[in-house]
Amino acid sequence: MTAPIVIVGAGLAGLRTAEELRRAGYDGELVLVGDEARLPYDRPPLSKQFVRGETDDTTLRPSEFYAEKRIDVRVSTEAVGVDTDARRVHLADGSTLGYGQLIIATGLRPRRLPGLPDLRGVHVLRGHTDAVALRADLADAATALVIGAGFIGCELAASFRANGVGVVLVEPQATPLASVLGTQVGELIARMHRAEGVDLRCGIGLDTLYGDDAGRVRGARLSDGSEIAADLVALGVGSRPVTEWLSDSGIALAEPSAGGGVLADEVGRTSVAGVWAVGDVAAWLHETGSRKRVEHWTNAGEQAKLLACALLGAAPPTAARVPYFWSDQYDVKIQALGTPNATDDVHVVSDDGRKFLAYYSQAGTLTGVVGAGMTAQVMKARAKIAAGAPITELLTPS
Ligand SMILES: Cc1cc2nc3c(=O)[nH]c(=O)nc-3n(C[C@H](O)[C@H](O)[C@H](O)COP(=O)(O)OP(=O)(O)OC[C@H]3O[C@@H](n4cnc5c(N)ncnc54)[C@H](O)[C@@H]3O)c2cc1C
């Protein structure tokens, strides 16, 4: 009997890889190991419907699915190391798990800010447990402070407002999402939050937090010296790839200064034979020649398909890959296709004061499109992005 394929990390990327391996005809033993106590679940609703109390269950597949597909899913099982010579994964309970092929899908862990007092009511959000704790505190909160106006911070600010909570949103950069979408589009997103009653303060950070005698957060001092009251604090200050368990494995990792993660080629092969990486933790080789991690939902499924085909020697999908992500804030779906970059030239071609459409270009070539409440227009740009069309084609009225 051949050794199993072992996938470490039972999140979206791990599950999708297991599914794609079966879809591509792999019939052998398949083990999916996850350190959380739940079956794989979907994270995007956690900052949206779940935290607002509109849904309780975001499980991706019922338990019968795993039985039917013969996926040996092991929850509450943490991998603590890997011996790539012996092809064995070391588990926290002291046991080991032999593999023929190993797939690393351990995702991210949220950053915390150093030096803050340890107070109740201060939250990060990555997993179900975080979301349950945040939702419970939100039910009793009148005012919330959100640190960081990236995707998670902006979505939480919107969800808190929807639940009638006063929000101060603090962002060290000039606008929300400045490092992802640039400041021009960031200003349009800032405008939406302000219109919804968020007290958005950019260009400053958090200095410290204050608590009451019971150890619960009650307020904060910001880096401009201002003091604000808050009975809930959410930190949306980025995440780190979960790679500590690989530190002695010999598997090449990206430098933390370059975003960290497991270095992999354009189909997920790492520096060690028989070891692959997929999803948020994986720094894949991109067409531009750079290796970078992509922290978006659609990417996990697309990488899973490419990896499964490469691992099994099956033909890869032929359709051109056009990256996609979305973020739901208030009643507006922000969507991006392609690789819009903060340093690109930005062309806002439609703006009604809330909804907008912007094309991104580099050296005259269309790189991507970002829309808010503009799904049809965003999707229409797919073929031109895939073809690397000149931006003039999009800007010239037809
Ligand atoms: C709150 C939130 C909202 C989001 N919203 C959007 C959105 O609107 N649009 C969008 O495009 N993307 C969104 N994303 C991003 C998207 O959910 C991720 O890209 C996706 O979850 C990545 O999947 P993954 O499997 O790579 O990582 P994860 O989902 O993080 O899964 C990794 C799993 O591995 C487990 N693990 C880690 N270490 C070990 C170990 N040593 N042993 C065993 N198991 C381990 C982890 O506990 C986790 O269960 C959101 C993410 C979050 C957190």
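## A walk through the predicted model

With a relative accessibility of 18%, S239 counts as buried, because it falls under the 20% cut-off. This serine belongs to strand β17, which covers residues 239-241. Setting aside neighbours up to four places away in sequence, S239 is in contact with L108, R109, P110 and R111. The structure discussed here is a predicted model, and the values that follow are computed from it.

Two annotated domains help with finding one's way along the chain. The UniProt record, an unreviewed entry, assigns residues 5-304 to "domain: FAD/NAD(P)-binding". In the model, this span is 23% helix and 27% strand, and its end C-alpha atoms lie 14 Å apart. The same kind of annotation, again from an unreviewed entry in UniProt, gives residues 324-392 as "domain: Reductase C-terminal". Here the chain is 20% helix and 51% strand, with 22 Å between the end C-alpha atoms.

Attention can now turn to the interior. The largest nonpolar core contains 48 residues. Within this core, the residues with the most contacts are V6, I7, L21, V89, L102, I103 and I104. One of them, V89, shows how such a core is knitted together from several parts of the sequence: beyond its neighbours within four places, V89 is in contact with V6, V8, A79, G81, V82, S95, T96, L97, Y99 and L102. A second core, separate from this one, has 24 residues, including L46, A131, F160 and L200.

Another good place to look inside the protein is L307, a residue of helix α6 (residues 297-312). Is L307 buried or exposed? Its relative accessible area is 0%, so L307 is buried. Leaving out residues up to four places away in sequence, L307 touches T17, I103, V267, W276, A277, V278 and W284. Among these partners is A277, which stands 30 residues from L307 in sequence, while the two C-alpha atoms are 8.5 Å apart in space.

The ligand is the next stop. Which residues are closest to the ligand? Of the 33 residues that surround it, the closest are D35, E36, R43, K48 and R126. Backbone atoms also take part in the surroundings. A polar backbone atom of A13 is 2.8 Å from an oxygen atom of the ligand. For L12, the distance from a polar backbone atom to a ligand oxygen is 3.2 Å, and a polar backbone atom of W297 is likewise 3.2 Å from an oxygen atom of the ligand. Taken alone, the ligand exposes 1,000 Å², and the protein buries 95% of that area. The elements that contribute two or more residues to the shell around the ligand are helix α1 (12-23), helix α4 (151-162) and strand β22 (324-329).

Helix α1 is also where R16 is placed. Although arginine may look like a surface residue at first glance, the computed value tells its own story here: with a relative accessibility of 18%, R16 counts as buried. Its side chain forms a polar contact of 3.0 Å with the side chain of E19. Beyond residues up to four places away in sequence, R16 touches L60, W297, G301 and A304.

Just past this helix comes A24, in the loop between α1 and β2 (30-33). A24 is partly exposed, with a relative accessible area of 33%. What separates A24 from G313 in space? Along the chain the two are 289 residues apart, yet their C-alpha atoms are separated by 9.5 Å.

Two further loops hold a backbone detail worth finding in the structure. S76 has a positive phi of about 50 degrees although it is not a glycine. This serine sits in the loop between β3 (71-74) and β4 (79-83). At 52% relative accessibility, S76 counts as exposed, because the cut-off for that class is over 50%. A363 is another residue other than glycine with a positive phi, in this case near 50 degrees. The loop that holds A363 runs between β25 (356-362) and β26 (365-372). With a relative accessible area of 82%, A363 is exposed as well.

Notes. Residues are numbered from 1 along each chain as its sequence is written. This is a predicted model: local features need pLDDT of at least 70, side-chain atom pairs count only at pLDDT 80 or more; totals for chains, interfaces and linings use all residues. Side-chain values use heavy atoms; hydrogens and water are left out. A nonpolar core is a set of buried Ala, Val, Leu, Ile, Met, Phe, Trp, Tyr and Cys residues joined through side-chain atoms within 4.5 Å. Buried means under 20% relative accessible area, exposed over 50%, partly exposed in between (1.4 Å probe, protein chains only). Contact means heavy atoms within 4.5 Å. UniProt positions are given in the numbering used here, feature names are shortened, and annotations may be inferred rather than shown by experiment. Helices (H or I, at least four residues) and strands (E, at least two) are DSSP runs, numbered from the N terminus. A residue is near a molecule or strand if one of its heavy atoms lies within 4 Å of it. A polar contact is a pair of N or O atoms within 3.5 Å; within protein, one must be able to donate a hydrogen and the other to accept it, and residues adjacent in sequence count only if both atoms are side-chain atoms. Accessible areas come from the Shrake-Rupley method with a 1.4 Å probe; for residues, only the protein chains shown count as cover.
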